[in-house]
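Reader: Hello! I would like to go through this structure with you, one question at a time. Shall we start?

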Amino acid sequence: MKITQRFQLIVLAAFAFTLHAADAQSAGPQTEKIAPGVWRIRFGTPETLTPTHFRSAPIDLAGLEATPADSPMPLDLAKVSFQSSDRGCVLMLPMSPRESIYGFGLHTELFDLTQSFGQAGRRVFLKPTDSPENDRGESHAPVPFYVSTDGYGVFVDTARFASFYTGNVAPVGGTAEARGGEVQTSTTELYRARVQREKTMLVDVPAAKGVDVYVFAGPTLLDAVKRYNLFSGGGALPPLWGLGVQYRGYAKFGAEQTLALARRLRDQHMPCDVWGVEPGWQTQTYSSSFVWNTNHFPDPDEFLAKMRAMGFQMNFWEHAFTHPSSPMYDELKPWSGNFKVWGGLVPDFASPQARKIFLNQNRVALFNRNVEGVKLDECDDQPESATPWSFPPATMFPSGLDGELMHSLFGELYQQTMLEPYQEKGLRTWGLVRNSQALAGPLPYVVYSDSYDARCYVRGLVNEGFSGLLWTPEVRDASSIEDLYRRLETVCFSPNAVINAWFIKNPPWDQVDRGKNNDDQLMSATERQALTEGVRQVLQLRMSFIPYLYSAFNEYRISGQPPVRALVLDWPEDPKVRQIDDEFMFGDSVLVAPIFSGQKSRPVYLPAGDWYDFWTHRKIVGGVSIEATNGVKQIPLFVKGGTLLPLAKPVEYIKPDTCFEITVNLVGNQPADFILYEDDGITTAFSQGKQNQIKLHTDGTSHSAQVAGNYRGASRYKITDWKLF
Ligand code: GAL
């Protein structure tokens, strides 16, 4: 540290706990309990433009009030310290040696899957990127929130590219032991941190002179995650159709070819709810005009009408960078950053003026045509590349955001902007986005990218639930038929079942190989027929899980419990699950263990309790690892004993009046409950109570379904059977 730098050290020996807003003038940290089990600690003078400043929904105080009121502050505040200097500020929080840490956003960790999926004992660097160049934590969705197996969560309210040293630093005066004299012959051994009796979490926030830290009580990791999600405003509820299958067509197709392909999917009875139109709908992309290309789509309204007549909900690709040929260009210019991307303006979505201008053009092109959703591309970055394509961190925006802050917030501000037209109409939407950040729970967008292999996609799925994120391991071409099946069945057990065929002309079930597919060298008729049937079967499995998944999303909205979760969230006491990053929970009671192409079998660890193999119904007593040898169309799924699993007769796509025929499976014949949620499936009226809860109950011998709530529209569910699993 330079001598000339100001240096401030505040050790928090004594803490004043108050339930009221703290005195901002005081030099010491201020602690405020803002809801049961949630505290804000203010250190120094925080920046104004932070994730909470731009939050997309108010704190769900009612949800938090429903959590235990007497949870104690989980951190020993006497051991917290803070420093600020000209380079930024630094926070040190106590850690115990036994803690495992999870979170910090998406972490697909493209490079080294042998690296711990837990985040303790390393440096995590939060910076958005479209292709992580290392496994430090840069990702599509870096989030300054972590949870600990000691049963608490910490959110650092910053949009700076912050670093977290998660127990691998040794402050002078700490308990790290000096190293012994032994000679090592590898640098890993040589430089390994010495054993410490107490560890330190060092949070390094550049540029800021202070920071707000929110602490979330447990007692378990899952409780802390739920509290964080409620603090964010609760989880997003998709429209029912959002849970169906999404097919994104070839980017070069115009109206005629798109309609022909869409008709083919319908003729094949391939489940599909959402059709994605890629960049080809615009006159100009990279950067973009936001104007229909009438050479390819001569009559957009007619095109949309024909797609809708086939039952598709329409989703359109765009990115934010605005081409000089766009009608909004001149108006937008003063409300944009001072650097361009691909020759286009970067709208300052933190300014109401930019939002308005940008939305007006999007209304003309898309929202006045009632498109059901959008895909917001390229709002991440490529900071480590020698030829980065996005705006530099030195960019300045009229709102006062600099390029660093804007990079961290860009995806979220873009999502919020594009959500407005739906909020105005009281409609739900379900979109895709390539960058997100903290407090994203209430935003109805799923993070995606086509840059990963199947194994990394699954690591993303396992990680998403720690940080209030949703992720799709989207599918397109494949290395083999087996690979296609394996990837499809994984995407079916994710928040959004997306087939992103933007660079292949024909559906992958006609030809899995990209080159041959685009040369129209399709597989033999027999192969195609078998694959088409097989793929249909796999997608139908997704459709049969929709009511169950809708319940999981309602649970996300109400209690903050993520619909897709790492096992460590549900079994925090089981040390064996702490490193499992290739199995996850899907909803309340289904454990998913994807098999990857080339694997003949895989080990599956089942935590304590009774489990039932979804396919064979064989009972397995948990606490063991078994070898799953499932064939290509049967992803390994295990259902918790003592639960009810409602499965629907699969529909091809969801209509406004779809009523699911449900078989309630009694998994292990014990008393059990399950709540189905019934509403109109498309509007936000559920948030005003226009929703029914259908309480399914069995006492082991008799069963009941009791309806409560204020939804009076068409029935969504018809229970046709209760069946022993
Ligand atoms: C990429 C995106 C793809 C596809 C493509 C279209 O950036 O990740 O999913 O949309 O753009 O140009």
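**Questions on a predicted model**

Author: Happily! Pro219 sits in the loop that runs between strand E13 (209-217) and helix H3 (221-232). Please keep in mind that this is a predicted model.

Reader: Thanks! What is the omega of the peptide bond that joins Gly218 and Pro219?

Author: Pro219 belongs to the loop between strand E13 and helix H3. The bond that links Gly218 to Pro219 is cis. Its omega is about 20 degrees.

Reader: Which residue follows Tyr286 across a cis peptide bond?

Author: Here we are in the loop between strand E15 (274-277) and helix H5 (300-309). The cis bond there has omega near -5 degrees, and it runs from Tyr286. Tyr286 is also one of the residues around the ligand. The partner across the cis bond is Ser287.

Reader: Let's turn to the ligand. How many residues of the shell around the ligand are charged?

Author: The shell includes Glu278, Lys375, Asp377, Glu378, Arg434 and Asp450. Pro279, Tyr286, Trp317, Tyr448, Asn500 and Trp502 are also around the ligand. By class, the shell has five nonpolar residues and one polar residue, and the number of charged ones is six.

Reader: How far is a polar side-chain atom of Glu278 from an oxygen atom of the ligand?

Author: Polar contacts are pairs of N or O atoms within 3.5 Å. For Asp377, a side-chain N or O atom is 2.8 Å from a ligand oxygen. For Glu278, the distance from a polar side-chain atom to a ligand oxygen is 2.4 Å.

Reader: And what share of the ligand's exposed area does the protein bury?

Author: Asn500 also takes part, with a polar side-chain atom 2.9 Å from an oxygen of the ligand. Taken alone, the ligand exposes 310 Å². The share of that area buried by the protein is 91%.

Reader: Now helix H8. At which residue does H8 bend?

Author: H8 covers residues 403-425, which is 23 residues. From first C-alpha to last, H8 reaches 33 Å, close to the 33 Å expected at 1.5 Å a residue. The bend is about 55 degrees, and it falls at Leu409.

Reader: Why is H8 described as largely enclosed by the rest of the structure?

Author: A residue is buried if its relative accessible area is under 20%. H8 has 23 residues, and the helix is largely enclosed because the number of them that are buried is 19.

Reader: What is found at the two ends of H8, and what is the phi of Gly426?

Author: At the start of H8, a side-chain oxygen of Asp402 comes to within 3.0 Å of the backbone nitrogen of Glu404. After H8 comes Gly426. The phi of Gly426 is positive, near 65 degrees.

Reader: I am curious about backbone angles elsewhere. Is Phe104 buried or exposed?

Author: Phe104 is in strand E7 (residues 101-105). Although Phe104 is not a glycine, its phi is positive, about 70 degrees. With a relative accessible area of 0%, Phe104 is buried.

Reader: What is the relative accessible area of Trp342?

Author: Trp342 lies in the loop between helix H6 (329-332) and helix H7 (352-365). Trp342 is not a glycine either, and its phi is positive, near 50 degrees. Partly exposed covers the range between 20% and 50%. Trp342 falls in that class, with a relative accessible area of 32%.

Reader: Which residue shares a side-chain polar contact with Asn554?

Author: Asn554 belongs to helix H13 (residues 546-559). Asn554 counts as buried, at 0% relative accessibility. A polar contact of 2.9 Å links its side chain to that of Gln691.

Reader: One last question: how far apart in space are Gly431 and Tyr445, C-alpha to C-alpha?

Author: Gly431 has its place in strand E18 (residues 431-433). Gly431 is buried, with a relative accessible area of 1%. Along the sequence, Gly431 and Tyr445 are 14 residues apart. In space, their C-alpha separation is 4.5 Å.

Terms used. Residues are numbered from 1 along each chain as its sequence is written. This is a predicted model: local features need pLDDT of at least 70, side-chain atom pairs count only at pLDDT 80 or more; totals for chains, interfaces and linings use all residues. Side-chain values use heavy atoms; hydrogens and water are left out. A residue is near a molecule or strand if one of its heavy atoms lies within 4 Å of it. A polar contact is a pair of N or O atoms within 3.5 Å; within protein, one must be able to donate a hydrogen and the other to accept it, and residues adjacent in sequence count only if both atoms are side-chain atoms. Accessible areas come from the Shrake-Rupley method with a 1.4 Å probe; for residues, only the protein chains shown count as cover. Ala, Val, Leu, Ile, Met, Phe, Trp, Tyr, Cys and Pro count as nonpolar, Asp, Glu, Lys and Arg as charged, and the others, Gly among them, as polar. Helices (H or I, at least four residues) and strands (E, at least two) are DSSP runs, numbered from the N terminus. The expected span of a helix is 1.5 Å times one less than its number of residues. The bend at a residue is the angle between axes fitted to the seven residues ending there and the seven starting there. Buried means under 20% relative accessible area, exposed over 50%, partly exposed in between (1.4 Å probe, protein chains only).
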